[in-house]
Amino acid sequence: DLIIVDAPPLLPLVDGRALAEQADCILLAVGWDRTPQEVFLRAVRFLAPVYDRVIGTVLTRVDFSRLRFYDSYYSGQYGGAYEYQPREAKEAA
């Protein structure tokens, strides 16, 4: 079974850290162009005791019209539709 928990922000509330200590994996969601770098770095340091469980970071609220200014080559591929394939279809391929 897979259980995904959408936890509250790490820094202002203790709930996020308590949940992080119980989780098998942690995925950080960061607001693109909204979360200051120092706040993100503090959150990562906050997770130091469970850092080995952090599997990655997801950028939320990305402004695709401004994203092209951060890329030196054509980045329109990121704005396309994503194709969903059930796990069984991926394993069969």
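What follows is a walk through the fold, the main pocket, the surface and a few local details of a predicted model.

Start with the overall layout. The protein has four helices and two strands, and reading from the N terminus the elements come in the order α-β-α-β-α-α. Buried residues account for just 14% of the 93 residues. The accessible surface adds up to about 8000 Å², with 55% of that belonging to carbon and sulfur atoms. As for how the chain meets itself, take the contacts between residues at least 6 apart in sequence: 67% of them join residues at least 24 apart.

Next comes the pocket. The largest one holds about 1200 Å³ of space. Its lining runs to 34 residues, and those closest to the pocket centre are Val 5, Ala 7, Ile 26, Leu 27 and Leu 28. Helix α1, strand β1 (26-31), helix α2 (37-46) and strand β2 (54-60) each give two or more residues to this lining. Of the elements, β1 gives the most, with six residues.

Val 5 turns up again on the surface. It sits in the segment before α1 (15-22), and together with Ile 3 and Leu 19 it makes a nonpolar surface patch of about 310 Å². The relative accessibility of Val 5 is 54%, so the residue counts as exposed, the cut-off being over 50%. Val 5 is thus one of the residues closest to the centre of the largest pocket and also a member of the nonpolar patch.

On to the charged pairs. Side chains of opposite charge can pair when their charged atoms come close. In this model the count comes to two salt bridges. One of them joins the side chains of Arg 17 and Glu 21, at 3.4 Å from N to O. Both partners belong to helix α1 and are four residues apart, or about one turn of the helix. Arg 17 has a relative accessible area of 28%, which makes it partly exposed, and Glu 21 is partly exposed as well, at 39%. The other salt bridge is between the side chains of Glu 38 and Arg 45, with an N to O distance of 3.0 Å. Glu 38 has a relative accessible area of 44%, so it too falls in the partly exposed class.

The loops supply the remaining details. Trp 32 is in the loop between β1 and α2. With a relative accessibility of 11%, Trp 32 is under the 20% cut-off and therefore counts as buried. Trp 32 also takes part in a long-range approach: Val 62 is 30 residues away in sequence, yet the two C-alpha atoms are 5.4 Å apart in space.

Asp 33 is in the loop between β1 and α2 too. Its phi is near 60°, a positive value in a residue other than glycine. In contrast to buried Trp 32, Asp 33 is partly exposed, at 48% relative accessibility. Arg 61 likewise has a positive phi without being a glycine, here about 55°. This residue is found in the loop between β2 and α3 (64-67), and its relative accessibility of 62% is over the 50% cut-off, so Arg 61 counts as exposed.

How values were computed:
Residues numbered from 1 in each chain as written. Predicted model: local features only at pLDDT ≥ 70, side-chain atom pairs only at ≥ 80, totals over all residues. Heavy atoms only, no water. Patch = residues over 30% accessible without salt bridge, like charges linked within 9 Å, V, L, I, M, F, W, Y side chains within 5 Å. Areas by Shrake-Rupley, 256 points an atom, 1.4 Å probe, with all protein chains shown as cover. Salt bridge = Lys/Arg side-chain N within 4 Å of Asp/Glu carboxyl O. Buried < 20%, exposed > 50% of the residue type's maximum accessible area, 1.4 Å probe, protein only. Contact = heavy atoms within 4.5 Å. 1 Å grid on protein atoms, 1.4 Å probe; cavity = no way out; pocket = protein on both sides within 12 Å on 5 of 7 lines; lining within 4 Å. Points joined across faces, edges and corners; volume = space filled by probe spheres on them.
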